[in-house]
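Biologist: Please pick one part of this model and take me through it closely. I'd like to hear how it sits against its surroundings.

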Amino acid sequence: MKNQSLFRFPANKYSMVLFLLLANLLQAQTPKGKLFIIGGGDRSDALMKQVLSVADLSKKDYIVVLPMSSEEPDSSFIFFKTQMVKLTPHPIVMLNFNKETAQNKRLTDSLQKAKLIFISGGDQTRFMHIVQNTPIKTAIQKAYENGSTISGTSAGAAVMSEKMITGNQKLQKEYSGTFDNIRYDNLETAEGLGLLKTAIIDQHFLKRNRYNRLLSALVEFPALTGIGIDESTAIIVRNNQIEIAGESEVIVVRNPKGILKSKNNNLISIENLQMSIYTAGQKFNIK
């Protein structure tokens, strides 16, 4: 019995050390920041006040707007600033990066230190073309890890997830703006900012009837949670908990079971999946 006790003690000690190391690693990987993801459309003053409340700006903090999704970045910035100056005294600056300024350390450091970063609407592919594999993306990720709030609307919502819906179809090369059926290997995705790793975002959801697109995403990535955010509505992400804000609804689909794929026409069937509808104030968890 004495020998057995001596054998157990080192094992328990090492187990405790391993546990502490894993706990510290998990804590280091958990972002301190929040996401405020808006589904596009009108942004009420009440909704934007919630953005500011979530960001919890201190006296010295400032807001950075990234308008690179837009064809008219100056207009996007002016529209945002005109609304926000009525709601907050904090400085609001635009950083309209391109491939050259993406390497400017002074600008990317300023981005990383912003307590609230807002990504405008437009074309998510245009945004990621500028940001991908640059210090801009690293600065956004580090800002989020260190406690900043990252917000975005429309295209600025789509870029939040690791798997980003581009809006294009592989089987229909000419863009029509709609998905008229649900097929596998049809949804085009690209790499997003990766701030949400276990969910995929779609926006303007109810207004533009994007169920087919989100269900197609769920077929391609069944382990992810599909989140469709309607216009004038947002999700607030705090680690793995999501809260709804705004005027309309958020549709959540997940856990598809019994996916079958037709070899002839790329059509699919799903035997069972979970679908939920949430409104302002409600909460749910993701992985």
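Modeller: Let's go for helix H3. Its buried residues are covered by, among others, helix H2 (45-55) and strands E2 (63-66), E3 (92-94) and E4 (116-119). Helices (H or I, at least four residues) and strands (E, at least two) are DSSP runs, numbered from the N terminus, and covering goes by contact, meaning heavy atoms within 4.5 Å. Bear in mind that this is a predicted model: local features need pLDDT of at least 70, side-chain atom pairs count only at pLDDT 80 or more, and totals for chains, interfaces and linings use all residues. Residues are numbered from 1 along each chain as its sequence is written, and side-chain values use heavy atoms, with hydrogens and water left out.

H3 itself covers residues 73-84, so to speak a 12-residue helix, and spans 17 Å from its first C-alpha to its last, close to the 16 Å expected; that expectation is 1.5 Å times one less than the number of residues. Pro73, Ser76, Phe77, Phe80, Gln83 and Met84 are its buried residues (buried is under 20% relative accessible area, exposed over 50%, partly exposed in between, with a 1.4 Å probe and protein chains only). Looking down the axis of H3, these buried residues fall within an arc of 135 degrees, so they line one face of the helix; the arc is taken from the directions from the helix axis to the C-beta atoms. The general idea is familiar: an α-helix has 3.6 residues a turn, so residues three or four places apart point the same way. Over on the other side of H3, Ile78 and Phe79 are exposed.

Now for the sheet. It is an open one of 8 strands, in the order E3-E2-E4-E5-E1-E10-E11-E14, with mixed pairing (two strands pair if DSSP finds at least two bridges between them). E3 and strand E14 (283-285) are at the edges, each with a single partner strand, so one side of each has no neighbour in the sheet. From one strand to the next, the twist averages 20 degrees. E2 and E4 are joined by 4 bridges in the parallel sense, with Ile63 opposite Leu116 in E4. H3 packs on this sheet, touching E2, E3 and E4, and its direction makes about 175 degrees with that of E3. For such angles, axes are lines fitted to C-alpha atoms, for helices over the stretch in contact, and values run from 0 to 180 degrees between N-to-C directions.
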